[in-house]
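Work through the exercises below with the model open beside you. Try each task before reading its solution.

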Amino acid sequence: MTDVPQGTTALPIRIRDLTKRYGSVYALNSVDLDVHSGEFLTLLGPSGSGKTTLLMAIAGFNRPDSGSIRFGQDEVILTPPHKREVGMVFQSYALFPHMNVAENIGFPLKLRGISGAERAMRVEGALETVQLSGFGARNIDQLSGGQRQRVALARAFVFGPRILLMDEPLSALDKKLRERMQIELKHLHRKLGVTTVYVTHDQREALTMSDRIAVINDGELVQLDAPEAIYNCPANAFVADFIGESTMLPLTRDDAGALSFRGQKVGDAGTDQAKDWTLVVRPERLFFAGAGAETDDQAIVLKGVLRESVFQGESEMALVAIDDATEVAVRFGTSGRASPAGGSTGDQVSIGLDRSDVIIIPGGQAV
Amino acid sequence: MAHADADGSRSGRHLHEAALKRQHTREQWSILSLVVPAMIVIVLIILIPLSWLFYLSFLGDNGGFSLENYHKMTQYKSYYRIFVTTFQVSMLTTLACIALGYPLAFFLAQLPPRWAGVFMLAVLLPFWTSLLVRTYAWLVLLQKRGILNEFAMQVGLWETPIKLVHNMTGTLIGMAHIMLPFLILPLYNAMRKIDRDMMHAAANLGANPVNAFWRVYFPLSLPGMVAGSLIVFVLCLGFYVTPAVLGGGRVIMVSNQITAILENQFDWGAASALGVVLLVATTFTLYVAARVFKFDAALFGRD
């Protein structure tokens, strides 16, 4: 069979104390990261956060100042890129324009001395996997963006690498195609079972595709967790702000450790002695409560003035001012049953937040 | 009016159609008019003289149409030798430029753009010096009692002066020097366009640096190299000054021979015929190159 047997080729990646400086700027500041064997891990961060530098270090394209990278048991920090045996999909695809599709995909096989019939068979197998059977003789400039993406993918896994790296591979595609490719990449990952490190700045893409997400900011690993945990329990204000939409409300802490927002208790600091605390409110977790609703054991209710309501297609976004300086965004569905603000701009409204949806993070809201 | 609006058929009405079409035509003509000065120049200094050249070359002694000028060329072996020399010098100069220019262009393409600009200035500097001055400068350097020979003999590299000039060697040295920028510029441009990811991808897929160069980088730089080589080769075919000065009468190329015919025999017919043959040979070379390499792609880039 041309397909790689599941799980047998996956390798864990162990990164320790990886540091890379450009001048006085730390692109990577003592990063520790474990990628489990066979998992789909996404490096997520804003541009300039160091996520691409980290990926390039794993591929061997840049030389870190210090640190260790292990593939399984093997230290590879000094191994040149052509001996690392990792597949990579580039943002620009980096397909060779002077070779046709089959020659591009056959390139890594040719370099490994796989010739003639076997090479042709494996190329065809890879093309089949990415649903491009019969495209072997095409030239690269005859392909659409999505097709190029698939060829780049086929070329990256055809030689059976133990690790697959992807650098924003879908960023050049339009939204519809991108969303379809996200699902396809996920299927392919499951099929190949290969350890995959994926770089993106698109938080939605990260949430859709990953087993775990590593949030990177300013050259440091900020949080490493499953998508749900990243979204529901952000480690700090940066993660809360970068992933998903949110409104941050400052909390006050009393001597007993109780945290409250405008006199309404929302949580407990426990043993944590931090002084500043922030309530993170996701727009879609808020709901419009009845006029007479009050805070109780179930929900926290805030009162305010409806400033604006914007139709956005699949949902509607309302901005509610709970005082002169603070606006809270509320997102609600546009089905007939959804209970929107019910009023027009300037009306008094009450918005509620279930206590189970309360997200509290230590630290101020400044990001 | 109200009736017409209500009618509203999409194909039936042609509001302002004629005026819009006139506007479009006027716009196209005004763009076309931009090339008029260039067209006039081309007609005056290329097409008319060239036609005159062709006409003269077919003019016999008796003033009528005749092939005698061309016939003469086939009679004397010296003409054959002149054409061989011309193509030989052009070919060798082109090869020398590739040997010197490819590594240099590669080096420039690896530099950060700002540093590449500085080095590029060094490459272009000779362009701003007169061709004649540069050629005579080589004469000063290379002659029997020139700087190079004096130095080498003092250091003890060789005993008696080596003949570096007034021969093929001197001609090639001078011509390669003058032609080098013509090769480097298009080659450097082609190399700059090669995406860094290409070499990363090659390495990632298992190619060691040598393999990555020959299988990926070199093929991608080839259009630039072909373009540069063709420019150098074609310019060499008609070159006059450098072979005249540094060849010392031993390297006679077609243009030197044309001058000689005009100065010694004042034979416009023979000189024109020689010019025509060189022009045809050059055109033929370009045609072959265009068929072998994808010429348009080479000159105007791939994308």
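## Exercise 1: One residue

Asp225(A) touches Arg212(A), Ile213(A) and Ile230(A), leaving aside residues up to four places away in sequence. Touching, or contact, means that the C-beta atoms, placed from the backbone, lie within 7 Å. This is a predicted model: local features need pLDDT of at least 70, side-chain atom pairs count only at pLDDT 80 or more, and totals for chains, interfaces and linings use all residues. Residues are numbered from 1 along each chain as its sequence is written, and chains are lettered from A and ligands numbered from 1 in the order in which they are written.

**Task.** Place Asp225(A) in its element, then find why Asp225(A) is classed as it is.

**Solution.**
1. Asp225(A) sits in strand 10 (residues 220-225) of chain A. Helices (H or I, at least four residues) and strands (E, at least two) are DSSP runs, numbered from the N terminus.
2. Recall the classes: a residue is buried with 20 or more other C-beta atoms within 10 Å of its own, exposed with 12 or fewer, and partly exposed in between.
3. Asp225(A) has 18 other C-beta atoms within 10 Å, so it is partly exposed.
4. Now look at Leu41(A). It is 184 residues from Asp225(A) in sequence, but the C-alpha atoms are 9.5 Å apart in space.

## Exercise 2: Confidence

**Task.** Find which element of chain A has the highest mean pLDDT and which the lowest.

**Solution.**
1. The score pLDDT is the predictor's confidence in each residue, from 0 to 100.
2. Chain A averages 89, and 95% of its residues score at least 70.
3. Strand 3 (residues 40-44) of chain A has the highest mean, 97. Strand 13 (residues 264-268) of chain A has the lowest, 84.
4. Over residues 1-7 of chain A the pLDDT is below 50. Beyond near neighbours in sequence, that stretch has 11 contacts in the model.
5. Where pLDDT is low, the predicted coordinates should not be read in detail.

## Exercise 3: Domains and core

**Task.** Locate the domains of chain A, then the best-connected members of the largest nonpolar core.

**Solution.**
1. Chain A is assigned domain 1 (13-238) and domain 2 (251-362). Such bounds come from an automatic or database domain assignment.
2. The C-alpha centres of these two domains of chain A lie 39 Å apart. Their contact takes 4 residues from each domain.
3. A nonpolar core is a set of buried Ala, Val, Leu, Ile, Met, Phe, Trp, Tyr and Cys residues joined through C-beta atoms within 7 Å.
4. The largest core has 104 residues. Leu55(A), Ile58(A), Ile105(A), Ala154(A), Phe157(A) and Leu165(A) touch the most other members.
5. Domain 1 and domain 2 of chain A each give this core at least three residues.

## Exercise 4: Where the chains meet

**Task.** Find which element gives the largest share of the side of chain A that touches chain B.

**Solution.**
1. The contact takes 17 residues from chain A and 16 residues from chain B.
2. Strand 6 (86-89) and helix 2 (101-111) of chain A each supply at least two residues of chain A's side.
3. Helix 2 of chain A gives the largest share, 3 residues.

## Exercise 5: Chain B

**Task.** Describe the make-up and extent of chain B.

**Solution.**
1. Chain B has 15 helices and 0 strands.
2. Its C-alpha atoms fill a box of roughly 105 × 70 × 35 Å along the principal axes.
3. Of its 303 residues, 28% are buried.

How values were computed:
Contact = placed C-beta atoms within 7 Å.
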